[in-house]
Amino acid sequence: MPDQLRIAVPNKGQLAEPASAMLREAGYRQRKDSRDLVLIDPENGTEFFFLRPRDIAVYVGEGILQAGITGRDMLLDSGAPVEEVLPLGFGGSTFRFAAPGGGAMTLADLDGKRVATSLAGLLRGYLAEHGVDARVMQLDGAVESSVQLGVADAVADVVSTGTTLRQAGLETFGEPILESEAVVIRQRDTAETAELEPLLRRLRGVLVARDYVMMDYDMRAERLDDAVALTPGMEGPTVSPLHREGWVAVRAMVPRSAAQRIMDDLWAIGARAILVTDIYACRL
Ligand SMILES: Nc1ncnc2c1ncn2[C@@H]1O[C@H](COP(=O)(O)OP(=O)(O)OP(=O)(O)O)[C@@H](O)[C@H]1O
Ligand SMILES: O=P(O)(O)OC[C@H]1O[C@H](OP(=O)(O)OP(=O)(O)O)[C@H](O)[C@@H]1O
Ligand SMILES: [Mg+2]
């Protein structure tokens with residue numbers, strides 16, 4: 001293990017629970033009490049600091065912590081000298097414009113208007129890039145209420161299911177400003193990258209274990225090529241002899257979301273004893 005790693009993890013909000021769950025799956029200790037601010041994991045040479053997701057880019061950008069987990073939107077909003085190193089597949093959201101009757105509006109309609117947001121840095125950059133001269137009203141949260149309360153004409157806000165917008169009587173318009181998800185970040189232009197590798201390797205392993213399953217089946221040897229086309233695996237499937245003339249056993253990783261369809265297709269070309277099992281952990 002290299003020197004002690006210092007990692008920032010969201011302490012509250014939408015990313016806190018899934019980020020800790022993922023680190024736990026990757027074999028790290030995580031806090032039991034949601035009020036704990038620091039957790040030391042001596043076996044893995046890592047210290048976790050539980051911070052506001054918005055602040056994480058600042059700590060990492062200053063080089064105080066080597067890496068952190070936060071939202072791509074918050075990373076870009078911060079303007080801190082950090083970069084994204086690994087998308088984590090949770091905390092997915094879209095940053096979008098919305099207004100009452102937004103269905104009939106375009107970006108250009110925002111000229112001269114007030115737009116409320118909690119991601120002012122991100123919004124200002126986007127408006128400038130598109131030559132729209134709007135007044136950005138920075139709020140901390142519950143941005144959807146700002147139009148009804150008369151502080152803004154439109155909002156630029158985080159949308160997941162769209163329920164909050166609908167309840168506030170707002171409709172999205174224009175192109176999405178940003179697709180976001182939770183990401184691992186590190187300081188930009190840093191020479192120190194090797195020390196993060198064990199963490200990144202473990203997290204990549206969790207992502208694969210979540211997204212893939214192991215598929216085993218028996219197949220007549222003469223149809224093997226057709227079967228391999230359906231289950232190409234990573235490097236190629238493992239094929240072993242079966243104690244039955246003319247048959248082989250095949251083992252390959254397949255995308256979890258496609259497992260049932262692949263089983264149907266394998267069955268149709270004569271595969272039998274098709275088994276699917278979870279992957280507990282992996283390093284590829
Ligand atoms: N409803 C949601 N579903 C999925 N991801 C979300 C949702 N709301 C926010 N996010 C994402 O989670 C990250 C952190 O947002 P979060 O709402 O937890 O922080 P916050 O708004 O600063 O704090 P809080 O809401 O606790 O006041 C952002 O990257 C954001 O895109
Ligand atoms: O599209 P939906 O599924 O409705 O989710 C989007 C909402 O979730 C977040 O709110 P949060 O609970 O973080 O409160 P906040 O506005 O105070 O940040 C986000 O800011 C939106 O308001
Ligand atoms: Mg929020």
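Modeller: Two strands are said to pair if DSSP finds at least two bridges between them, and strands (E, at least two residues) and helices (H or I, at least four) are DSSP runs numbered from the N terminus. The model discussed here is predicted, so local features need pLDDT of at least 70 and side-chain atom pairs count only at pLDDT 80 or more, while totals for chains, interfaces and linings use all residues. Residues are numbered from 1 along each chain as its sequence is written, and chains are lettered from A and ligands numbered from 1 in the order in which they are written.

Biologist: What makes strand 6 and strand 9 a pair, and in which sense do they run?

Modeller: DSSP finds 5 bridges between strand 6 (residues 93-99) and strand 9, in the antiparallel sense, and since at least two are required, they pair. One residue of strand 9, D157, is the bridge partner of R96.

Biologist: How do you know that strand 7 and strand 9 pair?

Modeller: Strand 7 (residues 114-117) and strand 9 are joined over 2 bridges, in the parallel sense, which meets the requirement of at least two. Here A116 stands opposite V155 in strand 9.

Biologist: Why is strand 9 called largely enclosed?

Modeller: Of the 6 residues in strand 9, 5 are buried, so the strand is largely enclosed by the rest of the structure. A residue is called buried if 20 or more other C-beta atoms, placed from the backbone, lie within 10 Å of its own. Over the chain, buried residues make up 35% of the 284 residues.

Biologist: What surrounds ligand 2, and which residues are the closest?

Modeller: Its shell holds 14 residues, with G141, S160, T161, T163 and T164 the closest; a residue belongs if its C-beta atom, placed from the backbone, lies within 6 Å. Strand 9 (154-159) and helix 6 (163-167) are the elements that give two or more residues to this shell, and strand 9 provides the largest share, 3 residues.

Biologist: How do you know that the chain departs from a compact globule?

Modeller: The radius of gyration, taken over C-alpha atoms, is set against a rule of 2.2 Å times the number of residues to the power 0.38. For 284 residues a compact globule would come near 19 Å, but the chain has 24 Å, and the C-alpha trace spans about 80 × 50 × 35 Å along its principal axes.

Biologist: How many helices and strands does the chain have?

Modeller: Its secondary structure comes to 9 helices and 15 strands, among them the strand 9 that pairs with strand 6 and with strand 7.

Note on methods:
Buried ≥ 20, exposed ≤ 12 C-beta atoms within 10 Å, placed from the backbone.
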